[in-house]
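Q: Please take a close look at one part of this model, the contact between two of its domains. I would like a connected account of how that contact is built and what surrounds it in the chain.

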Amino acid sequence: MSSINIINSIRKIVPDVRIRTDEPMAQHTSFRIGGTADVFVIVCNEEELSDLLRLLDSQNVRHLLIGNGSDLLFDDDGYRGVIIKLGGKFEHIEVLPCDDEELRVGAARMLSSTANFARDNGLSGLEFASGIPGTFGGALFMNAGAYGGEMRDVVKSVTLMKADGSTVYELSGREMDFAYRNSVLQKIEDIALFARVSLKKADKKVIADRMDELADKRRTKQPVNFPSAGSTFKRPVGGYAAALIEDAGLKGRTVGGAQVSEKHSGFIINVGAATSKDVRELIGIVTREVEESSGIKLEPEVRIIDAEPKPEGV
């Protein structure tokens with residue numbers, strides 16, 4: 001099916017105002033990097049999402065669901081296919097009437113906003129998430145965490161939709177297979193829609209003070225004034241990426257507009273018009289030189305999205 005026919009078919013599912021063509025992905029990532037996607041669609045309820053997934057699956061159209069783009073690096077040539085972003089009902093959050101220590105959170109809800117909602121309702125457990133810039137769905141995908149807390153500590157269950165749009169089902173927190181920066185969502189293509197989160201009653205001021213304390217730590221230790229995708233590398237066994245990078249003499253190393261942060265070596269930042277090629281090249285340099293100096297091979301935490309599908313076997 002041609003691009004024009006696909007767009008016309010999508011228009012039968014989603015209002016035209018929520019469909020864009022040649023959309024710059026730099027506008028949808030915290031790195032502020034990336035070329036244009038062929039089609040960008042915002043879906044606001046389960047029916048729209050199901051119908052869209054069924055269409056794309058039936059026509060074998062390449063597609064990708066994104067959240068806030070806080071861990072993504074798109075290619076300079078953009079994305080050949082359809083980008084899907086959740087909105088509308090998927091941003092809803094509520095305290096469950098059957099249990100005032102549980103929240104039901106939509107996957108499109110910002111993680112920081114979710115933490116603020118919990119604080120305002122005197123619920124503790126999400127303070128660690130207050131400064132993480134992604135959506136709740138993205139946090140589920142990555143088992144996001146910081147300062148001793150992570151998603152697996154609080155997620156009771158997740159409602160998902162099959163990748164072909166056919167079925168909605170539920171997984172328990174245990175079945176989500178949360179691990180360090182990992183979850184079952186990285187092994188399957190199904191989409192998280194909502195989650196039930198189990199928290200604890202606590203004093204609002206105590207919660208707010210803890211969130212303020214963590215915010216101060218972030219501002220002091222992290223390069224929050226530059227675009228980035230957060231920590232660029234996963235924490236290796238028996239060490240810390242930032243320390244290994246600094247020990248290898250890479251703090252401040254620059255390729256084009258990409259730089260190993262001088263404030264926190266675990267971050268590669270966009271110091272000015274960085275390209276995806278710049279960042280990828282710098283990731284390669286850091287990976288290679290850290291392995292040469294320490295024997296430890298760092299793994300990227302940032303997800304690199306190619307413009308075209310990779311050839312089979314690559």
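A: What follows treats the contact between domain 1 and domain 3, and then turns to the record's annotations and the salt bridges. The model is a predicted one, and the domain assignment divides the protein chain into domain 1 (3-86), domain 2 (90-221) and domain 3 (241-305). Taken over C-alpha atoms, the centres of domain 1 and domain 3 lie 29 Å apart, and their contact draws on 11 residues from domain 1 and 13 residues from domain 3.

The size of an interface is often expressed as the accessible area that is lost when the parts come together. Between domain 1 and domain 3 the buried area is about 1100 Å², with carbon and sulfur atoms giving 61% of that area. On the side of domain 1, F31, D71 and L73 together supply 49% of the area buried against domain 3, which is more than any other three residues contribute.

As for polar interactions, 9 residue pairs are in polar contact across the interface of domain 1 and domain 3, counting pairs with both residues at pLDDT 80 or more. The count of salt bridges between domain 1 and domain 3 is 1, and a salt bridge joins the side chains of R280 and D75, with an N to O distance of 3.4 Å. Of the elements on the side of domain 1 that touches domain 3, strand β4 (residues 72-74) gives the most, with 3 residues. The residues on this side of domain 1 divide into 7 nonpolar and 4 charged, with no polar residues.

The UniProt record, an unreviewed entry, places the feature "active site" at R181, S231 and E301. Although these positions are spread over 121 residues of sequence, they cluster in space, the largest C-alpha distance being 11.1 Å. R181 is found in the loop between β12 (168-172) and β13 (191-198).

The same unreviewed entry in UniProt places the feature "domain: FAD-binding PCMH-type" at residues 32-204. Over residues 32-204 the chain is 18% helix and 34% strand, and the C-alpha atoms at the two ends are 35 Å apart.

To return to the salt bridges, the count comes to 21. Among them is the one in which the side chains of R80 and D38 meet at 2.9 Å, N to O. That pair links distant parts of the chain, with R80 in strand β5 (residues 79-86) and D38 in strand β2 (residues 36-43), 42 residues apart.

Notes. Residues are numbered from 1 along each chain as its sequence is written. This is a predicted model: local features need pLDDT of at least 70, side-chain atom pairs count only at pLDDT 80 or more; totals for chains, interfaces and linings use all residues. Side-chain values use heavy atoms; hydrogens and water are left out. Domain bounds come from an automatic or database domain assignment. Contact means heavy atoms within 4.5 Å. Buried area is the accessible area (1.4 Å probe) that two parts lose on being put together, summed over both. A salt bridge is a side-chain nitrogen of Lys or Arg within 4 Å of a carboxyl oxygen of Asp or Glu. A polar contact is a pair of N or O atoms within 3.5 Å; within protein, one must be able to donate a hydrogen and the other to accept it, and residues adjacent in sequence count only if both atoms are side-chain atoms. Helices (H or I, at least four residues) and strands (E, at least two) are DSSP runs, numbered from the N terminus. Ala, Val, Leu, Ile, Met, Phe, Trp, Tyr, Cys and Pro count as nonpolar, Asp, Glu, Lys and Arg as charged, and the others, Gly among them, as polar. UniProt positions are given in the numbering used here, feature names are shortened, and annotations may be inferred rather than shown by experiment.
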